[in-house]
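Here's a quick walk through one model, with a look at a polar spot, an aromatic pair and the confidence scores. Have the sequence and the 3D view open as you read.

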Amino acid sequence: MEETYVINQVKEDTCYVAENVVKELHLAANKKDNSIVKNYVLPDFNNIRRGYIQDPNDTNQKEKEENCQILRLNNERFVVPEILFHPSDIGMKSMGIAEAVVKSILCCPKDQQEYLAKNIVLVGGNCNFSGFRERMYAELRSQLPQEWDVCVYLPDDPISYSWKGGSALLKVPNFKSFLVSRSEYEELGSTIIQQRFNSWMVDNSEKEEEEKNTEENFSYLDKIKGKSIFGKQDATANDLQPDTTASTSVFEKNDSLANADNKTDNPEVSEQSQDVSQTAESETTTPQVGRPRKTVLKSHSSLNESSEQSEDEENLMDSVELFPFGTDSYL
């Protein structure tokens, strides 16, 4: 009897992947209501060419199986496939298949990791275990970031699915550009692989993040500085210069005070100063014909300045440089 061949058939016919191992172990320990226990009829290669699961309700089949070997299976049905997810249960110092998938995704460039989590394909004969896809999804969902979408695809025939993928790759016109010939590898070794597939093996996502962090932030204060907005204007170099008119007015006030003190000493000078003040008042109150008043000129200039300021404010309000997103969001 070929034991490896027979045990492989037993595994394919009876084993399954448990979603919760602890819960299944409690069910397997129950002797009364135990739905996990199965009897497997082993082949004798005379009357039975392939083993099968015994049906307890079929009496005719039981009579034929009196002289056959029967293998009773309980928790072995789900404990054996559990080795794929936890090899340490049998002393193997290796990671489980779900942990290996997560590690392979995290070794790829960061900008592609989320897309890889959406395209996980199960390939191989062990994927035919019932509950394999659900267990794989639960393991990956608990280990990958929460904001990622995880998609696990199980093809109809996972055994031949990889061969079909390879045959589809052969039909690509530039397939030879994806290959490294034997002569090239013998001559250059692993360096030819690194040169040809460098873009697949190097993670440049960290450099891109550093470049983004070094970008300067947009500052409104630098754009607005020194410009009139909402009727306000920052101090400029001209504003900081000393005002000569103010200084002359101070000197004139001092002279007038000195003249006032000398009124008592020189009565004639005081009388002349009074006459001069009276004539100055008369000139300001009675304007001469054909000669515009100074106050009128000042009023026109003030109007022009106010209109220019309002035009500047309107132009600044419409400036795209100062308000790239419009002024409605600021006012």
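Which backbone oxygen lies 3.3 Å from a polar atom of the side chain of Asn34? That of Asn30. This is a predicted model, where local features need pLDDT of at least 70, side-chain atom pairs count only at pLDDT 80 or more, and totals for chains, interfaces and linings use all residues. Residues are numbered from 1 along each chain as its sequence is written, and side-chain values use heavy atoms, with hydrogens and water left out.

Asn34 sits in the loop between helix H2 (21-29) and strand S1 (38-41). Its side chain also makes a polar contact (N or O atoms within 3.5 Å, one able to donate a hydrogen and the other to accept it) with the side chain of Asn74, at 3.4 Å.

Now the rings: the structure holds three aromatic pairs (ring centres within 6.5 Å). In one of them, the centres of Phe85 and Phe132 are 5.7 Å apart and the planes are at 45°, so the pair counts as tilted (neither under 30 degrees, stacked, nor over 60, edge-to-face). Both Phe85 and Phe132 are buried (under 20% relative accessible area, 1.4 Å probe, protein chains only).

As for confidence, pLDDT runs from 0 to 100; the chain averages 75, and 57% of the residues score at least 70. Two stretches stay under 50; contacts here mean heavy atoms within 4.5 Å.

| Residues | pLDDT | Contacts beyond four places in sequence |
|---|---|---|
| residues 244-248 | under 50 | zero contacts |
| residues 283-299 | under 50 | one contact |

Where pLDDT is low, the predicted coordinates shouldn't be read in detail.

Note on methods:
Helices (H or I, at least four residues) and strands (E, at least two) are DSSP runs, numbered from the N terminus. Rings of Phe, Tyr and Trp (its six-membered ring) pair if their centres lie within 6.5 Å; planes under 30 degrees apart count as stacked, over 60 as edge-to-face and the rest as tilted. Buried means under 20% relative accessible area, exposed over 50%, partly exposed in between (1.4 Å probe, protein chains only). pLDDT is the predictor's confidence in each residue, from 0 to 100.
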